[in-house]
Amino acid sequence: MNNLWASVLTALIMLLAAPYWGLTETVSWRSRILMACVIILLAGGLGWYDGHWKPLNDGFVGLWTVVAYVDAKERIIPNRFVLLTMLWGIMVTPWTLHIAIQDLATGLGLFAFYLLVHFVTSGGLGMGDVKFSGAQGFVLGWPQGLLASVVGLWAAGLYSLILLMVFRRSRGQAIALGPFLVLGGLTGLVGLLH
């Protein structure tokens with residue numbers, strides 16, 4: 001029951017913070033309420049899976065759900081979400097020197113990989129995706145950060161394949177990677193629980 005209240009509180013905070021999400025247009029109340037319901041379902045499901053109350057994970061669920069929404073709408077992940085992800089990770093991670101080195105190495109490794117992809121694709125992969133993947137890697141650590149990245153890339157590839165094969169979209173049409181990185185990040189959070 002406590003986890004439900006933590007999830008509701010997280011959803012309420014994100015709902016009220018909608019003017020600061022970074023969208024160019026005002027977020028309608030309908031969209032805000034839909035996002036709040038999604039956050040409650042995801043955070044509540046994570047708490048149910050874990051079996052006991054860990055409201056600290058709800059912060060990631062709320063923040064990353066908003067990241068997915070904003071990137072899907074505007075094809076941008078604002079720097080404030082990258083910074084908030086890292087700050088929340090610093091606050092909730094039980095630090096030891098070994099964990100800090102592993103988390104930093106995972107974050108820097110993923111950042112370097114996505115930065116290389118950014119340059120190879122001549123900006124086809126946005127810098128927001130590059131920074132956000134590094135932040136997720138830092139927060140989730142090894143091996144969950146890598147798992148998050150692999151799941152996100154596979155999901156994006158599968159989605160693109162469905163768009164090409166079923167809906168006959170053109171190959172040059174871009175998709176937002178952020179929602180898939182968030183899917184991978186949530187998978188990584190589940191991995192951290194066990």
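Is Leu158 buried or exposed? In this predicted model, Leu158 is exposed, because its relative accessible area is 52%, and exposed stands for values over 50%. The legends below take this residue and its surroundings, then three other close-ups.

**View 1. Leu158 and a nonpolar surface patch.** Leu158 lies in helix α7. Together with Leu161, Ile162, Leu164, Met165, Val166 and Phe167, Leu158 makes a nonpolar patch on the surface. The area of this patch is about 690 Å².

**View 2. Ser149, a buried residue of helix α7.** Helix α7 covers residues 144-165, and Ser149 is part of it. The relative accessibility of Ser149 is 7%, so Ser149 counts as buried; the cut-off for buried is under 20%. Not counting residues up to four places away in sequence, Ser149 touches Leu110 and Tyr114. Both Leu110 and Tyr114 are buried residues of α5, the helix shown in the next view.

**View 3. Helix α5 and the residue that follows.** Helix α5 takes in residues 97-120, 24 residues in number. At 1.5 Å a residue the helix should span 34 Å, and the end C-alpha atoms are 34 Å apart, so the expected and modelled values agree. Buried residues in α5 are Asp103, Thr106, Gly107, Leu110, Tyr114 and His118. Ser122, placed just after α5, has a positive phi of about 50 degrees.

**View 4. The two sides of helix α4.** Helix α4 consists of 14 residues, 79-92. Its expected span, at 1.5 Å a residue, is 20 Å; the C-alpha atoms at its ends are 20 Å apart, which agrees. Phe81, Val82, Thr85 and Gly89 of α4 are buried. These residues lie on the same side of α4, because they cover an arc of only 105 degrees around the axis. Leu83 and Met91, on the other side of α4, are exposed.

**View 5. Met86 and its contacts beyond the local sequence.** Met86 is also found in helix α4. What class does a relative accessibility of 31% give Met86? With that value Met86 counts as partly exposed, because this class lies between the cut-offs of 20% and 50%. Neighbours within four places in sequence aside, Met86 is in contact with Ala135, Phe138 and Val139. For one of these, Ala135, the separation from Met86 is 49 residues in sequence, while the C-alpha to C-alpha distance is 5.7 Å.

Terms used: Residues numbered from 1 in each chain as written. Predicted model: local features only at pLDDT ≥ 70, side-chain atom pairs only at ≥ 80, totals over all residues. Heavy atoms only, no water. Helix = DSSP H or I, 4+ residues; strand = E, 2+ residues; numbered from the N terminus. Buried < 20%, exposed > 50% of the residue type's maximum accessible area, 1.4 Å probe, protein only. Contact = heavy atoms within 4.5 Å. Expected span 1.5 Å × (residues − 1). Patch = residues over 30% accessible without salt bridge, like charges linked within 9 Å, V, L, I, M, F, W, Y side chains within 5 Å. Areas by Shrake-Rupley, 256 points an atom, 1.4 Å probe, with all protein chains shown as cover. Salt bridge = Lys/Arg side-chain N within 4 Å of Asp/Glu carboxyl O. Arc of directions from axis to C-beta.
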